[in-house]
Amino acid sequence: MKQLLSFINLINNSRRPLFFTGAGISTESGIPDFRGPSGFWKTNTPIYFKDFISSESARRDSWQRNINLSKKLSKVKPNDGHLALKDIMERNKKSYLITQNVDNLHQDSGVPEKKITELHGNSTYANCLSCYKKYSLKIVHEPFVKKGLIIPCDNCGGLLKTATISFGQPMPEEEMEIALLKAAKADLFVVIGSSLAVYPAAGLPKIAQESGSKLVILNAEPTELDSIFDLVVHQKIGIFLKKVAKNI
Ligand code: NAD
């Protein structure tokens, strides 16, 4: 109860809250997280960016995985946590969201595109790696499923890849710049469902703190960085954020 009141108090008194979400906010929608107890990478080895570029067989593996993932994602919906966060963000015009997630569920919950920066891309569409032309997944999936073909970009002949950032792939420059700027300007930085194990994203709370922001983390398990936070809440996201949204 005390933690709930403190959380609400910090949000109500913030002029520029910045929310930072990770895979933990989507587990209640049925998408496994990364490093939690039933984490995705405990059963799937990652495909590195350099292998995607250099090996046709890695590209085949990658597209096959994306086809499987897309089937799952087409059925998932935003959960109580996503919906409550959308409500909380609506109360403050200057609120902003940085996410490490690639599942598009924040957009699906109703958070406007202009209030979201995705640090690790989005798995619901594809891009050309050379000219950045955007493609719907259907256009790439169909020839792969029907004829085993991986189509090239029809504009420049480049390689098409889902719009996610793979292991070993450079972070997107513009998104990183926005994240750093927002972190430096926030007066409240709220981490929701991230183990904060991946840099440079995990460095953002410290940057915010050094610019005078208060730090809050909501996560089921402790993280290595808990000690730098002003408020640490170890609870389930959906139920906790729903209470916050009802009471601010
Ligand atoms: P992570 O898996 O490293 O950490 C998630 C944290 O959330 C864990 O500490 C876990 O204990 C906590 N958690 C899980 N369910 C929770 C719940 N219901 N309530 C409270 N806490 C809960 O995730 P990360 O820090 O985001 O890093 C993982 C990387 O994997 C990111 O780069 C992301 O791009 C990618 N990823 C994304 C998705 C997605 O888009 N949904 C899913 C898996 C992985």
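Ile 178 is found in helix α7, and in this predicted model that residue makes a handy place to start. At 27% relative accessibility, Ile 178 counts as partly exposed, because the buried class stops under 20% and the exposed class begins over 50%. Setting aside neighbours up to four places off in sequence, Ile 178 is in contact with Tyr 96 and Thr 117. If you want a sense of distance, look back to Ser 6: the two residues are 172 apart along the chain, and their C-alpha atoms are separated by 28 Å.

Just ahead of α7 in the chain comes a loop worth a stop. Ser 166 lies in the stretch between β6 (160-164) and α7 (173-185). Is Ser 166 buried or exposed? It has a relative accessible area of 19%, so with a cut-off of under 20% Ser 166 goes down as buried. Its contacts, again leaving out neighbours within four places in sequence, are Ile 47, Phe 49 and Lys 161. Measure off to Lys 2 and you get 40 Å from C-alpha to C-alpha, for a pair that sits 164 residues apart in sequence.

Now for the helix packing, starting with α1 and α9. The axes of these two come within 10 Å and cross at roughly 55°. That makes α1 oblique to α9, and the crossing is right-handed. On the α1 side, the contact is made by Gln 3, Leu 4, Phe 7, Ile 8 and Ile 11, and α9 answers with Phe 240, Leu 241, Lys 243, Val 244 and Asn 247. Sort those residues by class and you find seven nonpolar, two polar and one charged.

Helix α9 has another partner in α4. Here α4 (residues 80-90) and α9 (residues 237-247) pack with their axes 8 Å apart, at an angle of about 25°. The two helices are therefore roughly parallel to each other, and this crossing is left-handed. From α4 come Asp 80, Gly 81, Ala 84, Leu 85, Asp 87 and Ile 88, which meet Ile 237, Gly 238, Leu 241, Lys 242, Val 244 and Ala 245 of α9. In this contact of α4 with α9, seven residues are nonpolar, two are polar and three are charged.

What do these helices build together? The largest nonpolar core has 25 residues, and the members touching the most others are Phe 7, Phe 19, Leu 85, Ile 192, Leu 218, Leu 241 and Val 244. Two or more residues each come from α1 (2-12), α4, β7 (188-192), β8 (214-218), β9 (231-233) and α9. Of these elements, α9 gives the most, with five residues. For a close look, pick Phe 7: not counting residues up to four places away in sequence, Phe 7 touches Val 190, Val 216, Leu 218, Leu 231, Val 233, Phe 240, Leu 241 and Val 244. There is also a second, separate core of 20 residues, with Leu 18, Met 176, Ala 179 and Ala 186 among them.

Away from α9, another helix pair deserves a look. The axes of α3 (residues 56-73) and α6 (residues 137-147) come within 11 Å and cross at roughly 115°, and α3 passes α6 in a left-handed crossing. Arg 60, Trp 63, Gln 64, Asn 66, Ile 67 and Ser 70 on α3 meet Leu 137, Val 140, His 141, Phe 144 and Val 145 on α6. That contact splits into six nonpolar residues, four polar and one charged.

A last stop takes in some backbone geometry. Most residues other than glycine have a negative phi. Asn 104 has a positive value instead, with phi near 70°, and is found in the loop between β2 (96-99) and α5. Tyr 132 also has a positive phi, near 65°, and sits in the loop between β4 (121-128) and β5 (134-136). With a relative accessible area of 61%, Tyr 132 is exposed.

Following the loop of Asn 104 onward brings you to α5. Ser 109 belongs to this helix, which covers residues 105-109. Ser 109 is buried, at a relative accessible area of 7%. Its contacts, apart from residues up to four places away in sequence, are Pro 78, His 82, Leu 83 and Lys 86.

Technical notes
Residues are numbered from 1 along each chain as its sequence is written. This is a predicted model: local features need pLDDT of at least 70, side-chain atom pairs count only at pLDDT 80 or more; totals for chains, interfaces and linings use all residues. Side-chain values use heavy atoms; hydrogens and water are left out. Axes are lines fitted to C-alpha atoms, for helices over the stretch in contact, and angles run from 0 to 180 degrees between N-to-C directions. Helices (H or I, at least four residues) and strands (E, at least two) are DSSP runs, numbered from the N terminus. A crossing is left-handed if the near helix is turned anticlockwise from the far one by less than a right angle, and right-handed if clockwise. Contact means heavy atoms within 4.5 Å. Ala, Val, Leu, Ile, Met, Phe, Trp, Tyr, Cys and Pro count as nonpolar, Asp, Glu, Lys and Arg as charged, and the others, Gly among them, as polar. Angles under 35 degrees count as roughly parallel, over 145 as roughly antiparallel, 65 to 115 as roughly perpendicular and the rest as oblique. A nonpolar core is a set of buried Ala, Val, Leu, Ile, Met, Phe, Trp, Tyr and Cys residues joined through side-chain atoms within 4.5 Å. Buried means under 20% relative accessible area, exposed over 50%, partly exposed in between (1.4 Å probe, protein chains only).
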